[in-house]
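Subject: Structure for you to look at

Hello,

Here is the model I promised to pass on, with my notes underneath. Please open it alongside this message and read at your own pace.

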Amino acid sequence: MHFFVGIIFPILISIISGGGVLLMAYLFLKKTGDREIRASQIELKKERQKHFLPMRVEAYQRAALLMERIHPGSLVMRLHNAGLPAKKLQTDLLQAIREEYDHNVSQQMFVSPQAWDMVRNSKEETIKIINLAGSQMDATALSTDLAAKIFEVVAEVGKLPTEITVEYLRKELQELF
């Protein structure tokens, strides 16, 4: 018993004390390290924002411009030629939509997935509007007939998907700031 109290007890106390000191040091260093990691992550995020924010703003601008350029009214005004057959104008309108979309497809990297889904869906809905108007044309119809029918369909639809998407893009962009 005297052996236990004289030798082992002080060793146990030293081991427990040392373990406590080591545990405290570990916890302190871990907490300090975690804090430094969080600070580094915040700084890195700020740096990324500084570099990517201008690209994101430009992407939202280009997506909104895409919506304006594929708006049925804008397309008809830009591509209408009174001497063309209706089917030729329809083909030209659809080609213009696809080219505009393809030209801007990389913008999806900088806008939210929801925003890009709306852009893509707006493109598809615009194609449907033009095809619907085109399906109501007879073989001898001229581009002026198709243009009039497109404007008629647009009036029936009310708020177009392209207009709704522009509003969404504007709102989402404002949330970035």
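Which residue forms a salt bridge with Asp 92? The partner is Lys 88, and the closest N and O atoms are 2.8 Å apart. I use "salt bridge" for a side-chain nitrogen of Lys or Arg within 4 Å of a carboxyl oxygen of Asp or Glu.

Before going further, a word on the basis of all this. This is a predicted model, in which local features need pLDDT of at least 70 and side-chain atom pairs count only at pLDDT 80 or more, while totals for chains, interfaces and linings use all residues. Residues are numbered from 1 along each chain as its sequence is written, and side-chain values use heavy atoms, with hydrogens and water left out.

**Helix H3 and its salt bridges**

Helices here are DSSP runs (H or I, at least four residues), numbered from the N terminus. Helix H3 covers residues 86-104, which is 19 residues. From its first C-alpha to its last, H3 reaches 27 Å, close to the 27 Å expected at 1.5 Å a residue; the expected span is 1.5 Å times one less than the number of residues.

Asp 92 and Lys 88 sit four residues apart in helix H3, so about one helical turn separates them. Asp 92 is among the buried residues of H3, as are Leu 89, Leu 93, Ile 97 and Tyr 101. Lys 88, by contrast, is partly exposed, at 41% relative accessibility. For these words, buried means under 20% relative accessible area, exposed means over 50%, and partly exposed is in between (1.4 Å probe, protein chains only). Lys 88 also has a distant stretch of chain to look at: Ser 143 is 55 residues away in sequence, with 7.7 Å between the C-alpha atoms.

The structure holds nine salt bridges. Another one joins Glu 100 to Arg 69, with the closest N and O atoms 2.5 Å apart. Because Glu 100 lies in helix H3 and Arg 69 in helix H1, this pair ties together parts that are 31 residues apart in sequence. Glu 100 is buried, with a relative accessible area of 13%, whereas Arg 69 is partly exposed at 30%.

A further salt bridge brings together the side chains of Glu 152 and Lys 149, at 3.0 Å from N to O. Both residues lie in helix H5, three residues apart, about one turn of the helix. Here Glu 152 is partly exposed, with a relative accessible area of 39%, and Lys 149 counts as buried at 16%.

**The nonpolar core**

By a nonpolar core I mean a set of buried Ala, Val, Leu, Ile, Met, Phe, Trp, Tyr and Cys residues joined through side-chain atoms within 4.5 Å. The largest one has 36 residues, and Leu 93, Val 119, Leu 146, Ile 150 and Leu 169 touch the most other members. The elements giving two or more residues to this core are H1, helix H2 (72-79), H3, helix H4 (113-135), helix H5 (143-157) and helix H6 (161-175). H1 gives the most, with eight residues.

Leaving out residues up to four places away in sequence, Val 119 touches Ala 63, Leu 66, Met 67, Tyr 101, Thr 165 and Leu 169. Contact here means heavy atoms within 4.5 Å.

Ser 122 lies in helix H4 and is buried, with a relative accessible area of 1%. With the same sequence neighbours left out, Ser 122 touches Met 67, Pro 161, Thr 162 and Thr 165. The C-alpha atoms of Ser 122 and Ala 139 are 28 Å apart, with their positions 17 residues apart along the chain.

**On the surface**

Ile 7, Ile 8, Ile 11 and Ile 15 form a nonpolar surface patch, with about 350 Å² of accessible area together. Patches are made of residues with over 30% relative accessible area and no salt bridge, where like charges are joined within 9 Å and nonpolar side chains (Val, Leu, Ile, Met, Phe, Trp, Tyr) within 5 Å. Accessible areas come from the Shrake-Rupley method with a 1.4 Å probe, and for residues only the protein chains shown count as cover. Ile 15 belongs to helix H1 (residues 2-70) and is exposed, with a relative accessible area of 56%.

Happy looking, and best wishes!
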